[in-house]
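This note is addressed to a colleague who is meeting the structure for the first time. Please read the numbered points with the sequence and the model side by side.

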Amino acid sequence: MYLISLGAGILAGLLYGLINVRSPAPPAIALIGLLGMLIGEQIVPVAKRLIDGDPVTAGWFASECKPKITGVAARTPEPQEQDGPRQG
């Protein structure tokens, strides 16, 4: 895991060098790079789901991928009333 992480860091450094950004990168560039990494991480579960033949629905994406990208917990559905509609 450490060697893979080092390799990814070297790759990022090579890309920064190709676009003439010196390390440490300016904050805006670094934040956009981190957003790209977060989005890139979500390609794997989407691809796995598609390979398995399962649909990628907006609900699935919102519950599985969006919280990891935004850092905001997925909204849980409200429990349904089990007694049925109230009369009154």
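What percentage of the 88 residues of the protein count as buried?

1. Burial and overall surface. The model discussed here is predicted. Of its 88 residues, 7% count as buried. The protein exposes about 7,800 Å², and carbon and sulfur atoms supply 66% of that area.

2. Secondary structure. The protein has four helices and zero strands. Read from the N terminus, the order of its elements is α-α-α-α.

3. Helix α1. This helix covers residues 2-18. Its 17 residues, taken at 1.5 Å a residue, should span 24 Å, and the end C-alpha atoms are indeed 24 Å apart, so the expected and modelled spans agree. Both L6 and A12 belong to this helix. L6 has a relative accessible area of 51% and is therefore classed as exposed, the cut-off being over 50%. A12, with a relative accessible area of 36%, is partly exposed, because this value lies between the limits of 20% and 50%.

4. Nonpolar surface patch. L6 also takes part in a nonpolar surface patch of about 900 Å². The other residues that make this patch are L3, I10, L11, L14, L15, L18 and I19. As background to the spacing of such positions, an α-helix has 3.6 residues a turn, so residues three or four places apart point the same way.

5. The loop after α1. N20 follows α1 and is placed in the loop between α1 and α2. The reader may wish to inspect its backbone: N20 has a positive phi of about 60° although it is not a glycine. At 60% relative accessibility, N20 is exposed, because the cut-off for that class is over 50%.

6. Helix α2. This helix runs over residues 27-51. For its 25 residues, a rise of 1.5 Å a residue gives an expected span of 36 Å, and the end C-alpha atoms lie 37 Å apart, which agrees. Just after α2 comes G53, with a positive phi of about 85°.

7. The largest pocket. Which residues line the largest pocket? The lining consists of A8, L11, A12, L15, Y16, A25, A30, G33, L34 and M37. The elements that give two or more residues to this lining are α1 and α2. The largest share, five residues, comes from α1. The space in the largest pocket is about 250 Å³. Two of the lining residues, A12 and G33, are 21 residues apart in sequence, and their C-alpha atoms are 9.0 Å apart in space. L11 and L15 are named both in this lining and in the nonpolar surface patch.

8. Helix α3 and residue E64. Helix α3 covers residues 58-64 and includes E64. Is E64 exposed, partly exposed or buried? Its relative accessible area is 36%, so E64 is partly exposed, a class that lies between the limits of 20% and 50%. E64 and A74 are 10 residues apart in sequence, with 7.9 Å between their C-alpha atoms.

Methods: Residues numbered from 1 in each chain as written. Predicted model: local features only at pLDDT ≥ 70, side-chain atom pairs only at ≥ 80, totals over all residues. Heavy atoms only, no water. Expected span 1.5 Å × (residues − 1). Patch = residues over 30% accessible without salt bridge, like charges linked within 9 Å, V, L, I, M, F, W, Y side chains within 5 Å. Areas by Shrake-Rupley, 256 points an atom, 1.4 Å probe, with all protein chains shown as cover. Salt bridge = Lys/Arg side-chain N within 4 Å of Asp/Glu carboxyl O. Buried < 20%, exposed > 50% of the residue type's maximum accessible area, 1.4 Å probe, protein only. 1 Å grid on protein atoms, 1.4 Å probe; cavity = no way out; pocket = protein on both sides within 12 Å on 5 of 7 lines; lining within 4 Å. Points joined across faces, edges and corners; volume = space filled by probe spheres on them.
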